[in-house]
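Dear colleague,

Please find below the structure that I am handing over to you, together with its sequence. After it come my notes on what was found.

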Amino acid sequence: MLCHLCASTITLYILWTTMAQVSGQEDKEKTTALKDLLSRIDLDELMKKDEPPFTFPKTLEEFEYAFDENGQLRHINTGERFVFNAREDLHRWNQKRYEALGEIITQYVYKLLEDQCKLKKEVIPVDASDGEPTSFIYMSTDALTNPSKLLILIQGSGVVRAGQWARRLIINQDLNSGTQIPFIERAMEDGYGVMVLNPNENFFEKEKPAKFSPIPSPTEPTDEPAEKRERKDDKEGKKKKEFYEKYRNPQKETETERIPIRGSGSSEEHVLYVWDHFVSKALAKNVFIVAHSYGGLSFVELINQRENQVKNKVCAVALTDSSHNIWLQDTSKGTQDWMHQNCQNWVSSPEPLDTPLDSMLPDCPRLSAASTDHLWPVTAPGSTK
């Protein structure tokens, strides 16, 4: 009986080994066939056939969109909201189209700041030489001379520029939701000078010609060893895969050289520069700040660097979903105490507006923003009242 079991086990082992060898041979043949198929595909031509060129309108009118009387972006013919997936299964093309529209929105908001809010543009650095990369901020005409009150607006990180809280909200909801214009107009009505910072304009980008690794054409069979040829095939297959991933991934098609803007190489650096060259010279006895998300972190860095100046000049700070961290930013105990008395942080929460929430850090009280969306401050808090 035992010998019979041993014989059965040996038979099953031989059968399993044979099947594994056959399966391995089939897998190898499939791999070879796949490599051969890939070698015959001209991915460059495939890209041209599958994806339209990245040429998009330069104005809202050419995009066939306009903002209506409610500040909502609508198609001028159908009245529908903006549609991201204008072409199915072409995510990269849709993304590039969205980014092109976003750049137009940025210029549109700048025009609103200048024409509707009557703000003026101030170039920074203030002593920029000819040809030097520059950025800018916006200020009301009385921002530096108003003896009483000055409101400073600091946005979060990302693609948004001066005057914006969130590009997605401007496009998908309305101008009041996604821009700082309601804050600016309310502040000016109440007698404030206004200063709109631009912390995400950090570099001047110069495009370089696109560079792609050439894909070798299929070659005729040679007498070189199979192992060497297989390594070469693997290398060529990797190049094809990298090229294909670069094609499918929604990234820029051209490399860029980034030249930092002096004084604005980062959000923190920008806020500090504006403080030193503008806010510190303002006549206002009372400075109020609204800082969203990363703007809150930049404000905490400012007070770490200019502690006495900020404490003497700033009387209230409204943070909205601030991403600051007093431990990681090495904030002093005196600054933490000052923040507890002079700052409030409205955070994402489904609770009613202004509902007190547990504070995770001993810096400033946290209140509900009555929204679970991180993208914007929801309402102009009490700093403009």
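Ser293 lies in the loop between β9 and α10 (294-305), where helices (H or I, at least four residues) and strands (E, at least two) are DSSP runs, numbered from the N terminus. Please keep in mind that this is a predicted model, in which local features need pLDDT of at least 70 and side-chain atom pairs count only at pLDDT 80 or more, while totals for chains, interfaces and linings use all residues. Residues are numbered from 1 along each chain as its sequence is written, and side-chain values use heavy atoms, with hydrogens and water left out.

To begin with the backbone, Ser293 has a positive phi of about 55° although it is not a glycine, and its relative accessibility of 10% makes it buried (buried means under 20% relative accessible area, exposed over 50%, and partly exposed in between, with a 1.4 Å probe and protein chains only). Ala370, in the segment after β13, also has a positive phi, near 60°, without being a glycine, but at 41% relative accessibility Ala370 counts as partly exposed. A third place to look at is the peptide bond from Ile124 to Pro125, which is cis, with omega near 0°; Pro125 lies in the loop between β3 and β4 (135-139). These places are listed because most residues other than glycine have a negative phi, and most peptide bonds are trans.

Turning to the strands, there is an open sheet of 9 strands with mixed pairing, in the order β3-β4-β6-β5-β9-β10-β11-β13-β12, where two strands pair if DSSP finds at least two bridges between them. The edges are formed by β3 (120-124) and β12, each of which has a single partner strand, so one side of each is left without a neighbour in the sheet.

Within this sheet, β5 (residues 149-154) holds Leu153, and β5 runs parallel to β9 (residues 286-292), to which it is joined by 6 bridges. The bridge partner of Leu153 in β9 is Val290. Leu153 is buried, with a relative accessible area of 0%, and, not counting residues up to four places away in sequence, it touches Gln180, Phe183, Ile184, Met195, Val196, Leu197 and Val290 (contact means heavy atoms within 4.5 Å). Leu153 also lies 6.1 Å from Ala291, C-alpha to C-alpha, although the two are 138 residues apart in sequence.

Further along the sheet, β11 pairs in the parallel sense with β10 (residues 314-320) over 4 bridges, and 3 bridges join β11 to β13 (residues 366-368), again in parallel. Asn345 in β11 stands opposite Leu319 and also opposite Arg366 in β13. Of the 5 residues in β11, 4 are buried.

The loop between β11 (343-347) and β12 (356-357) contains Ser349, which counts as buried at 6% relative accessibility. The side chain of Ser349 makes a polar contact with the side chain of Ser368 at 3.4 Å (a pair of N or O atoms within 3.5 Å; within protein, one must be able to donate a hydrogen and the other to accept it, and residues adjacent in sequence count only if both atoms are side-chain atoms). The same side chain reaches the backbone nitrogen of Glu351 at 3.1 Å. Leaving aside neighbours within four places in sequence, Ser349 is in contact with Leu357, Ser368, Ala370, Ser371 and Thr372.

As for the interior, the largest nonpolar core has 42 residues, and those touching the most other members are Leu60, Leu73, Leu101, Ile105, Tyr138, Ile184 and Val196 (such a core is a set of buried Ala, Val, Leu, Ile, Met, Phe, Trp, Tyr and Cys residues joined through side-chain atoms within 4.5 Å). Helix α4 (residues 91-115) gives this core its largest share, 10 residues. At least three residues come from each of domain 1 (43-116) and domain 2 (120-208 + 256-384), with bounds taken from an automatic or database domain assignment. A second, separate core of 33 residues includes Met195, Ala291, Trp338 and Cys343.

Finally, the structure holds 0 disulfides, a disulfide being a pair of cysteine sulfur atoms within 2.5 Å. Cys343 is in no disulfide, and its nearest cysteine sulfur, that of Cys364, is 5.5 Å away. Cys343 counts as buried at 1% relative accessibility, and Cys364 does so at 2%.

With best wishes
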